[in-house]
Amino acid sequence: MPNPRHRGAERRRQYQLVADRIRVLIEEEGLGPGARLPAERELAMKLGVSRPSLREALIALEIDGRVEIRVGSGVYVCTPPAGDGGATSSLGDSPAELMQARAVLEGAVIMLAAARVTAEGLRRLDEALAAMRAEHARGSKPIEADRRFHTCIAEMAGNSVLVDMVGALFDGRHSPIAARMSGEAESTREAWQVALGEHEAIYRALQARNPQVAAAALSRHLLASHGRWVGEADEMVVSGVADA
């Protein structure tokens with residue numbers, strides 16, 4: 001049974017902890033509204049955190065109204081909004097951790113799916129891919145078709161629990177912090193064109209019924225997605241997945 005002492009306690013995520021440290025730094029260094037924070041690399045070194053973790057923390061602070069990120073200029077302190085409690089809000093799971101979790105889970109799922117490929121499964125996967133192409137051609141972000149593509153792979157694995165898990169991790173992108181980061185990363189047609197090519201490579205590998213090639217294609221796609229969302233994709237190394 002759960003320990004009653006932990007009931008109602010909220011697990012604080014890494015980006016919240018880093019953001020809270022930035023709040024302390026702002027206060028201790030007397031940085032008022034309009035003051036510019038140190039450059040990203042300098043600030044990451046000062047706090048002893050990775051740059052992707054720092055980026056997530058800064059975006060969380062911007063959503064909370066504590067800083068303003070000006071592309072090409074820097075990060076500036078804002079006047080604390082009314083009711084600011086001094087601690088960073090929970091804005092959903094870390095996008096970097098979501099992508100790592102997807103790499104672990106979907107890397108195993110696609111190996112199973114490649115061993116159980118059927119003509120019907122390939123047809124459904126091809127339909128999802130065609131829907132992605134059509135939405136992209138219309139200038140829309142093919143997010144729902146993208147989700148369907150990944151859950152179709154889990155369906156080919158023949159495990160409904162895995163289908164639900166793949167879908168749930170994909171849906172993590174709709175949290176406030178993930179939506180902000182993915183929205184910026186996927187704002188151009190070029191980014192989606194590259195992603196479409198990655199999905200087509202996954203489809204071809206499954207069509208060839210080659211588990212190793214399929215896993216490698218999926219790994220490249222998720223690493224590239226991590227890079228588009230968070231930056232520094234090489235930090236998301238998952239044993240047995242990134243090296244597939």
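**Helix H6 and the packing around it**

Biologist: How far apart are the end C-alpha atoms of helix H6 (residues 143-157)?

Modeller: Helices here are DSSP runs of H or I with at least four residues, strands being E runs of at least two, numbered from the N terminus. The expected span is 1.5 Å times one less than the number of residues. For the 15 residues of H6 this gives 21 Å, which agrees with the separation of the end C-alpha atoms in the model, 22 Å.

Biologist: What kind of model is this?

Modeller: Residues are numbered from 1 along each chain as its sequence is written, and side-chain values use heavy atoms, without hydrogens or water. Local features need pLDDT of at least 70 and side-chain atom pairs pLDDT 80 or more, whereas totals for chains, interfaces and linings use all residues, since the model is predicted.

Biologist: How many of the 15 residues of H6 are buried?

Modeller: Buried means under 20% relative accessible area, exposed over 50% and partly exposed in between, with a 1.4 Å probe and protein chains only. The buried residues of H6 include Ile143, Asp146, Phe149, His150 and Ala157. Their cover includes helices H4 (95-114), H5 (119-137), H7 (160-171), H9 (189-207) and H10 (211-229). H6 is thus largely enclosed by the rest of the structure, the number of its buried residues being 11.

Biologist: What is the relative accessible area of Phe149?

Modeller: Phe149 lies in H6. Contact means heavy atoms within 4.5 Å, and, leaving aside residues up to four places away in sequence, Phe149 touches Leu125, Ala128, Leu129, Met132, His199, Ile202 and Tyr203. Phe149 is buried, with a relative accessible area of 0%.

Biologist: With which side chain does the side chain of Arg102 make a polar contact?

Modeller: Arg102 belongs to helix H4 and is buried at 6% relative accessible area. A polar contact pairs N or O atoms within 3.5 Å; within protein, one must be able to donate a hydrogen and the other to accept it, and residues adjacent in sequence count only if both atoms are side-chain atoms. At 3.4 Å, the partner of the Arg102 side chain is that of His150.

Biologist: At what angle do the axes of helix H1 (residues 14-28) and helix H3 (residues 51-63) cross?

Modeller: Axes are lines fitted to C-alpha atoms, for helices over the stretch in contact, and angles run from 0 to 180 degrees between N-to-C directions. The axes of H1 and H3 come within 8 Å, and their crossing angle is roughly 70°.
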